[in-house]
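This report is a short guide for a reader who has not met this structure before. It goes through two loop residues, the overall fold and the metal site in turn.

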Amino acid sequence: MTYHKQITVCPFCDASVQASVFYARGSFMAIYNIAPVLPGHSLVIPKKHVTSITDLTDNELSEFFITARTVLRILMNAFHTDSYDWSIQEKPEAGQTIDHLHLHIVPRLKGDLKHPGAWYPLLQRNDREIIDSLDRPRLNSESMSLIINELKQIAATIE
Ligand SMILES: [Zn+2]
């Protein structure tokens, strides 16, 4: 029998998320997805619990995208590519499963999937079954530490 523990606390507000942070700027931070759909799959999130991009002030919106741009530079450097997908889902009708605003960034490599659009079904499955489920397959803590440290080192050279 599969046991699904109900999540009652926002996983992005939980203190444990700090171990996944590789970059932070102002009110935003970038975390490495502990269960990436492809290598490099990261999320840019506000530090405080915000559900919608429409809840951000002009300054916060600017900061959000400046943070995302820096995160792109870090990931493009780390994963040796200039190709990426990014995505925001808002509200359950659009596929949002965690009501804390999060921008997915997924570096892409030639031939990494059968066709370029195949990442989105993976992401949807990831959101529903991987991020929200506590019994999902995850990177172990050693692998996470290695990638977080590498991304932090690159981040220090980017800004
Ligand atoms: Zn939250």
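## Two loop residues

Lys91 has a relative accessible area of 42% and is partly exposed. The model is a predicted one, and all values here are computed from it. Lys91 belongs to the loop between E4 and E5. Its phi is positive, about 75°, although Lys91 is not a glycine. Most residues other than glycine have a negative phi.

His80 is another non-glycine residue with a positive phi, in this case near 55°. The loop that holds His80 runs between H1 and E4. With a relative accessibility of 68%, His80 counts as exposed, because the exposed class begins over 50%.

## Overall fold

The protein chain contains 3 helices and 5 strands. In sequence order these elements give the pattern β-β-β-α-β-β-α-α. The chain has 159 residues, and 45% of them count as buried. Among contacts between residues at least 6 apart in sequence, 66% join residues at least 24 apart.

How are the strands ordered in the sheet? The 5 strands form an open sheet in the order E1-E2-E3-E5-E4, with antiparallel pairing. E1 and E4 stand at the edges and have a single partner strand each, so one side of each has no neighbour in the sheet. From one strand to the next, the twist averages 20°.

One of the pairings joins strand E2, residues 28-32, to strand E3, residues 42-46. These two strands are antiparallel and are linked over 5 bridges. Within E2 and E3, Ala30 stands opposite Val44.

Helices lie across this sheet. Helix H1, made of residues 58-78, lies across E1, E2, E3, E4 and E5, and H1 runs at about 145° to E1. Helix H3, made of residues 141-158, lies across E1 and E2. The angle of H3 to E1 is about 35°.

## The zinc site

Which protein residues are donors of the zinc ion? They are Cys10 and Cys13, each through SG, and His49 and His100, each through ND1. These donors lie 2.0 to 2.3 Å from the zinc ion. The angles among the 4 donor atoms are 103 to 119°, and the site is tetrahedral. The spacing of the donor residues in sequence is C-x2-C-x35-H-x50-H.

Cys13 is in the segment before strand E1 (21-25), while His100 is in the loop between strand E4 (83-87) and strand E5 (103-108), so this pair ties together parts that are 87 residues apart in sequence.

The table gives the accessibility of some of the donor residues.

| Residue | Relative accessibility | Class |
|---|---|---|
| Cys10 | 15% | buried |
| Cys13 | 40% | partly exposed |
| His100 | 0% | buried |

Cys10 is placed in the buried class because its 15% falls under the 20% limit. Cys13, at 40%, is partly exposed, because that class covers values between the buried and exposed limits. His100, with 0% relative accessibility, is buried.

How many disulfides does a search of the whole structure find? The search finds 0 disulfides. Cys10 and Cys13 instead appear here as donors of the zinc ion.

Technical notes. Residues are numbered from 1 along each chain as its sequence is written. This is a predicted model: local features need pLDDT of at least 70, side-chain atom pairs count only at pLDDT 80 or more; totals for chains, interfaces and linings use all residues. Side-chain values use heavy atoms; hydrogens and water are left out. Donors are N, O and S atoms within 2.8 Å of the metal (3.2 Å for Na, K and Ca); water is not among the atoms, so sites may look incomplete. Four donors count as tetrahedral if all angles lie between 85 and 135 degrees; four count as square planar and six as octahedral if opposite donors are over 155 degrees apart and all others between 65 and 115; anything else is irregular. Helices (H or I, at least four residues) and strands (E, at least two) are DSSP runs, numbered from the N terminus. Buried means under 20% relative accessible area, exposed over 50%, partly exposed in between (1.4 Å probe, protein chains only). A disulfide is a pair of cysteine sulfur atoms within 2.5 Å. Two strands pair if DSSP finds at least two bridges between them. Axes are lines fitted to C-alpha atoms, for helices over the stretch in contact, and angles run from 0 to 180 degrees between N-to-C directions. Contact means heavy atoms within 4.5 Å.
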